Amino acid sequence: MMKLSKSINFPNLGVVNPDSGFLTLGKTSDGLYETGKAGVLDIAATGDNKVEFIAFEKNTLACVKSSVSYPAYYPVYPVKLERPVKAVLMDLDGTTVRSEDFWVWIIQMSVASLLKNNRFEFEESDMPFVSGHSVSEHLQYCIDKYCPGKSLEEARNYYFEHTHREMEEIMQGRGKDGAFTPTEGVKDFLLELKSTGIKIGLVTSGLYEKAYPEIISAFKTLNMGDPKEFYDAIISAGFPLRKGSVGTLGELSPKPHPWLYSETCIVGLGIGFNERNCVLGIEDSGAGVCSVRLAGYTTVGITGGNIIESGTKALCDYFEDSFTDIMKIIKG
């Protein structure tokens with residue numbers, strides 16, 4: 001795979017330029033589509049190689065890859081922001097709360113446990129692959145690179161062992177310093193949205209047991225009361241599937257798949273797909289912007305995450321530094 005050497009027009013998505021970080025492909029990873037055959041004009045992937053785009057004359061397909069399941073194909077829909085904005089969908093980690101370093105640390109400890117090496121540390125090149133996706137995706141990447149032959153089940157057991165211990169410490173007022181810090185400007189932004197009657201949905205790929213303490217902690221810090229009362233809808237990746245308990249779907253359908261954002265908006269907020277242009281989603285990760293864009297919503301990237309590094313900035317309709325800038329977009 002090589003970076004793009006030319007600009008490519010993907011219908012309903014837009015023109016992707018060589019400086020986008022996208023990678024050029026001759027065919028999709030599953031071999032179903034090949035450039036120059038069956039009407040395929042071009043194929044390219046995001047810089048982290050997580051999502052592939054197949055350009056036809058009048059439409060584009062997106063293939064979301066997975067290291068632990070089957071790939072899934074989605075149509076790419078055109079988006080155009082229409083005002084007044086009816087709803088804002090927001091990511092949790094990195095967008096509402098700065099906690100990405102904490103969860104990368106948990107994954108790092110899990111790999112250290114697998115390797116029986118407490119001194120293990122990630123390389124900088126690992127960062128796009130250990131944040132923004134599901135727990136199983138992160139761990140499978142680590143197994144493939146650092147400890148081939150180890151099982152995903154063993155890695156998940158270590159992950160939840162470390163998570164339970166550290167979350168309990170945090171809920172008791174101890175634990176890792178600065179684990180969950182509200183993003184600068186998020187309180188004023190949320191309150192202004194609320195005052196104008198715009199619906200707010202919180203969307204996270206995190207499992208409930210790890211995500212909800214983050215929300216509680218952030219709202220306590222911000223003195224904003226009960227998040228369940230404040231948000232119009234909150235959705236997480238559910239509950240983990242483990243022996244002795246009942247899990248929910250979430251490990252194989254998280255970001256960059258569109259389902260979390262689609263369900264939050266359509267089911268949680270009651271805003272149908274035909275009104276999608278009145279909705280925007282805010283994300284700081286490559287997987288997140290893919291998820292928002294494939295769900296058919298205007299995609300707003302915010303700095304501080306791995307959007308640039310993952311080669312997904314081309315999927316953002318807007319890319320801003322602050323919530324103040326994003327509010328200007330909402331107001332027009």
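These are my notes from looking through a predicted model.

**Helix H4.** I started with H4, which covers residues 186-195. Which of its residues are buried? I found Val-186, Phe-189, Leu-190 and Leu-193. They span an arc of only 95 degrees around the axis, so they sit on the same side of H4. That fits the general pattern: an α-helix has 3.6 residues a turn, so residues three or four places apart point the same way. Next I checked the face turned away from the buried side, and there I found the exposed residues Asp-188 and Ser-195. I also looked just after H4, where Gly-197 has a positive phi of about 85 degrees.

**The sheet.** Then I traced an open sheet of six strands, in the order E1-E4-E5-E6-E7-E8, with antiparallel pairing. Which strands are at the edges? They are E1 (2-3) and E8 (72-75), and each of them pairs on one side only. Inside that order I picked out E6 (residues 51-55) and E7 (residues 60-64), which run antiparallel and are joined by five bridges. Across this pair, Glu-52 stands opposite Cys-63 in E7.

**Cavities.** Last, I looked for enclosed space. How many cavities of 30 Å³ or more are there? I got two. I spent my time on the second largest cavity, which holds about 90 Å³ of space. Its lining has 15 residues, and those nearest the centre are Lys-65, Ser-66, Glu-137, Pro-256 and His-257. Sorting the lining of this cavity by class, I noted five nonpolar, five polar and five charged residues.

Note on methods: Residues numbered from 1 in each chain as written. Predicted model: local features only at pLDDT ≥ 70, side-chain atom pairs only at ≥ 80, totals over all residues. Heavy atoms only, no water. Buried < 20%, exposed > 50% of the residue type's maximum accessible area, 1.4 Å probe, protein only. Helix = DSSP H or I, 4+ residues; strand = E, 2+ residues; numbered from the N terminus. Arc of directions from axis to C-beta. Pairing = 2+ DSSP bridges. 1 Å grid on protein atoms, 1.4 Å probe; cavity = no way out; pocket = protein on both sides within 12 Å on 5 of 7 lines; lining within 4 Å. Points joined across faces, edges and corners; volume = space filled by probe spheres on them. Nonpolar A, V, L, I, M, F, W, Y, C, P; charged D, E, K, R; others polar.
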